Amino acid sequence: MYPAAYSLFFIIGLPGNCLSLYVAWVQMQKGNSMAVYLVNLSICDLLYTITLPVWIINAVYHPVNNTLCSLIAVIMYNSFYVGSGLLCCISMDRYLAVVFPLYFAKVHTVQTAAFVSIFVWLIEIFVNIGLLAYTYQLQEFSASRLCEVKTPMDSHSANVAIIRVALSFLVPLFLMAFCFHQIMMSIKRSVSTSASERVKIRNLLCLLLVVYMVSFTPYQVVMFVRGLLENKSDNCEFVQQLINCYVVFVATTTINSVLDPIVYCLNTESSKAEILRVYTVCRHRLSQAVSVMTFSSSNDC
């Protein structure tokens, strides 16, 4: 499953996230604070995406060396934990902008957004380093081969699994749901927002929440069940069923990295205008190059 799924996700995700990064960077240069979070989210998703070829190689029975194996696992998992933190920042930013439009002006600056983004990266990295040290995987980083599923979980790994589900999934999910609900309530009370705009915003917020839940809920549920039961169960068949589910749902987390650039960055009017501008410039330069080549060929004849 991994070679087919990851190849598809890589083919779609790499150009999508590169385009998303470019568009967000252009918007950030114009002083858009939201674009700072989108730049970081695109970098995060790109890091996730560029690990996929190594997972593909490892999946087709050409195991990568121990250090690379552990490194790609750390990059991949750290990326979607950082991504969850950035999605919380985006949700809070929109919540403050819509629900309290006359307050928190200093929050909506590029400098503040950059500081918050750096803080999210550092917190997630240090927390993950601490959890790796707690499970003794940091001390034996290469020998641990973190890209492989270890069964059954020991007590330390089980505790880490439960902590990660709580902090890196449930907290962001509840925060996003709260922010989106408050945004909808605020828009509903607004007399300046038309019915069609309310429906459009509601559909977008629902889409963002559904994408997050579809991408991560199956994986996090299995991780939680593994953390609770796996190291206490003597039923090998039950443990194997958990592992089979885990292997499938690890792949589904990649959906988030593929859809993030579409639902967060590339669907706004400013993004579409920038993409159209780039397309027009590229087509014009290509036409010029073809004309020059055609002219040179005719002269040679």
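This report describes the fold, the aromatic pairs, the largest pocket and some individual residues of one protein chain.

## Overall fold

The structure is a predicted model, and the values given here should be read with that in mind. The chain contains eleven helices and zero strands, and when it is read along the sequence it follows the pattern α-α-α-α-α-α-α-α-α-α-α. Along its principal axes, the C-alpha trace spans about 75 × 70 × 30 Å. The chain has 301 residues, of which 42% count as buried.

## Aromatic pairs

How many aromatic pairs does the structure hold? There are eleven of them, and one is formed by Y48 and F80, whose ring centres are 6.2 Å apart with the planes at 40 degrees, so the pair is tilted. This pair links distant parts of the chain, since Y48 belongs to helix α2 (residues 33-50) and F80 to helix α4 (residues 66-99), with the two positions 32 residues apart in sequence numbering. Y48 has a relative accessibility of 1% and therefore counts as buried, while F80, at 4% relative accessibility, counts as buried too.

Another tilted aromatic pair is made by Y219 and Y246, at 5.7 Å from centre to centre and with 40 degrees between the planes. Here too distant parts of the chain are linked, with Y219 in helix α8 (residues 195-229) and Y246 in helix α9 (residues 236-252), 27 residues apart. Both Y219 and Y246 are buried.

These four residues also belong to a wider arrangement, in which ring pairs link Y48, Y77, F80, Y81, F169, Y212, F216, Y219 and Y246 into a cluster. Y246 has a charged neighbour as well, for the charged end of R226 sits over the ring of Y246, at 4.7 Å from its centre.

## Helix α9

Helix α9, which holds Y246, can be checked against the length expected of a helix. At 1.5 Å a residue, its 17 residues should span 24 Å, and the C-alpha atoms at its ends are 25 Å apart, which agrees. The buried residues of α9 are V239, L242, I243, Y246, V250, A251 and T252.

## The largest pocket

The largest pocket has a volume of about 1000 Å³. It is lined by 41 residues, and those that lie nearest its centre are L146, C147, E148, V149 and Y246; Y246 is thus a member of the aromatic cluster and also of this pocket lining.

Which helices supply at least two residues each to the lining of the largest pocket? They are α1 (2-29), α3 (52-59), α4, α5 (110-134), α6 (141-144), α7 (155-189), α8 and α9. The largest share of the lining comes from α4, which gives five residues. By residue type, the lining divides into 27 nonpolar, seven polar and seven charged residues.

## Contacts across the sequence

Some residues that are separated in sequence have C-alpha atoms whose distance in space can be stated, and the table gives three such pairs.

| Pair | Separation in sequence | C-alpha to C-alpha distance |
|---|---|---|
| C147 and N58 | 89 residues | 8.9 Å |
| P15 and V258 | 243 residues | 9.7 Å |
| N78 and L47 | 31 residues | 9.5 Å |

C147, one of the residues nearest the centre of the largest pocket, is found in the loop between α6 and α7, and with a relative accessibility of 10% C147 counts as buried. P15 lies in helix α1, and its relative accessibility of 47% means that P15 counts as partly exposed. N78 lies in helix α4, and N78 is buried, with a relative accessible area of 11%.

## A backbone feature

What is the sign of phi in Y136, positive or negative? Phi of Y136 is near 65 degrees, a positive value in a residue other than glycine. Most residues other than glycine have a negative phi. Y136 has its place in the loop between α5 and α6.

Definitions and conventions. Residues numbered from 1 in each chain as written. Predicted model: local features only at pLDDT ≥ 70, side-chain atom pairs only at ≥ 80, totals over all residues. Heavy atoms only, no water. Phe/Tyr/Trp six-rings, centres within 6.5 Å; stacked < 30°, edge-to-face > 60°. Helix = DSSP H or I, 4+ residues; strand = E, 2+ residues; numbered from the N terminus. Buried < 20%, exposed > 50% of the residue type's maximum accessible area, 1.4 Å probe, protein only. Lys NZ or Arg CZ within 6 Å of the ring centre and 35° of its normal. 1 Å grid on protein atoms, 1.4 Å probe; cavity = no way out; pocket = protein on both sides within 12 Å on 5 of 7 lines; lining within 4 Å. Points joined across faces, edges and corners; volume = space filled by probe spheres on them. Nonpolar A, V, L, I, M, F, W, Y, C, P; charged D, E, K, R; others polar. Expected span 1.5 Å × (residues − 1).
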